[in-house]
Amino acid sequence: MHSFGYRANALLTFAVTILALMCAMASFSDNLSHPSPSSSVQVLNVNWFQKQPNGNDEVSLTLNISADLQSLFTWNTKQVFVFLAAEYETPKNSLNQISLWDGIIASKEHAKFWTHTSNKYRFIDQGSNLRGKEFNLTLHWHVMPKTGKMFADKLVMSGYHLPKEYR
Amino acid sequence: MMDWQGQKLAEQLMQILLLAFAAVSFGTGYALGSFQMMMLIYAGGVFLTTLVTVPNWPFFNRHPLKWLDPSVAEKHPKPQQQQAMSLKKKPAKK
């Protein structure tokens, strides 16, 4: 501690080390919160349902997605990335997941929302398996922290059906 | 210039102050639910600690070292170069 430079260096190193520890503690504190998110999705309309020239089925839906994700936000939350995926089984794949819509929620105030929209991303099957298909709509979210570990979870909503014939 | 006690004091003060500000800033930030508050208080704390412990404050030099007076030092000159070299010769080892 005999010179200005020595003390400045020691102080800065210690300060940054303590900062790293505080960030680890902040990230750990996220484990202490027990969120209770909720969501519901209605398929308002099947806009069209066709088989493409390349042989793959495609369907366009109008959806009403509503959710309350406010309990996901902690003091260490930067933003929540949320997406809605259609999930179903085919002979070729035991699980197909197609992302239909996504969004970024930047603050707790915006985490209780509803949106009335057609699917943001195209719902195209690998093949021609969608006629009469029963599928789940699963809301996935990633809670992105200001520092530390990211938490991801989902909410499965089941019981949706596609039409038996093309429209 | 800092004396030995002053250096020790500077180091201890630095560690205690930083740890104290870390605890206060984390506690306040967590209680208020504000990450930004934690960072602001801690940054302020680092700055304050720098002001207290890094410059050469007089209270770090209350037990100054007794350096030899220059006039006394002249009466006892340093050994010559040749003398130093002869002293360095060591017997060969086998």
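How far apart do the end C-alpha atoms of residues 1–26 of chain A lie, and how much of the span is helix or strand? In this predicted model, the two end atoms are separated by 32 Å, with 88% of the span in helix and 0% in strand. The stretch also carries a label from a database: an unreviewed UniProt entry annotates residues 1–26 of chain A as "signal peptide".

Chain B comes with a database label as well. Its unreviewed UniProt entry gives the annotation "transmembrane region" to residues 12–32 and 39–60 of chain B. Residues 12–32 of chain B are 100% helix and 0% strand, and their end C-alpha atoms are 30 Å apart. For residues 39–60 of chain B, the end C-alpha atoms are likewise 30 Å apart, while the chain there is 68% helix and 0% strand.

The next step is to see how the helices are arranged. A pair of packed helices is described by two quantities, the angle between the axes and the distance between them. Within chain B, helix H1 spans residues 4–32 and helix H2 spans residues 35–53. The axes of these two helices come within 8 Å and cross at roughly 165 degrees. Angles over 145 degrees count as roughly antiparallel, and therefore H1(B) and H2(B) are roughly antiparallel to each other. The crossing of H1(B) past H2(B) is right-handed. Sorted by class, the residues in this contact are 17 nonpolar and six polar, with no charged residues.

Chain A joins the picture through its helix H1, residues 4–29. The axes of H1(A) and H1(B) come within 10 Å, crossing at roughly 25 degrees. That angle makes H1(A) roughly parallel to H1(B), and the crossing of this pair is right-handed. What, then, is the angle at which the axes of H1(A) and H2(B) cross? Here the value is roughly 160 degrees, and the axes come within 11 Å. That makes H1(A) roughly antiparallel to H2(B). H1(A) also passes H2(B) in a right-handed crossing.

Attention can now turn from helices to empty space. Such space can be found by rolling a probe the size of a water molecule over the atoms. The largest pocket has a volume of about 260 Å³. Of the 17 residues lining this pocket, those closest to its centre are A:Ser33, A:Pro35, A:Leu72, A:Val143 and A:Phe151. Which elements give two or more residues to the lining? They are two strands of chain A, E7 (134–145) and E8 (151–161). Strand E7(A) gives the most, with four residues. By class, the lining of the largest pocket is made up of nine nonpolar, five polar and three charged residues. Charged residues thus appear in the pocket lining, whereas the contact of H1(B) with H2(B) has none.

How values were computed. Residues are numbered from 1 along each chain as its sequence is written. Chains are lettered from A and ligands numbered from 1 in the order in which they are written. This is a predicted model: local features need pLDDT of at least 70, side-chain atom pairs count only at pLDDT 80 or more; totals for chains, interfaces and linings use all residues. Side-chain values use heavy atoms; hydrogens and water are left out. UniProt positions are given in the numbering used here, feature names are shortened, and annotations may be inferred rather than shown by experiment. Axes are lines fitted to C-alpha atoms, for helices over the stretch in contact, and angles run from 0 to 180 degrees between N-to-C directions. Angles under 35 degrees count as roughly parallel, over 145 as roughly antiparallel, 65 to 115 as roughly perpendicular and the rest as oblique. A crossing is left-handed if the near helix is turned anticlockwise from the far one by less than a right angle, and right-handed if clockwise. Ala, Val, Leu, Ile, Met, Phe, Trp, Tyr, Cys and Pro count as nonpolar, Asp, Glu, Lys and Arg as charged, and the others, Gly among them, as polar. On a 1 Å grid over the protein atoms alone, a cavity is a set of points where a 1.4 Å probe fits but cannot get out, and a pocket is an open set with protein on both sides within 12 Å along at least five of seven lines; lining residues have an atom within 4 Å of a point. Grid points are joined across faces, edges and corners, and a volume is the space filled by probe spheres set on the points.
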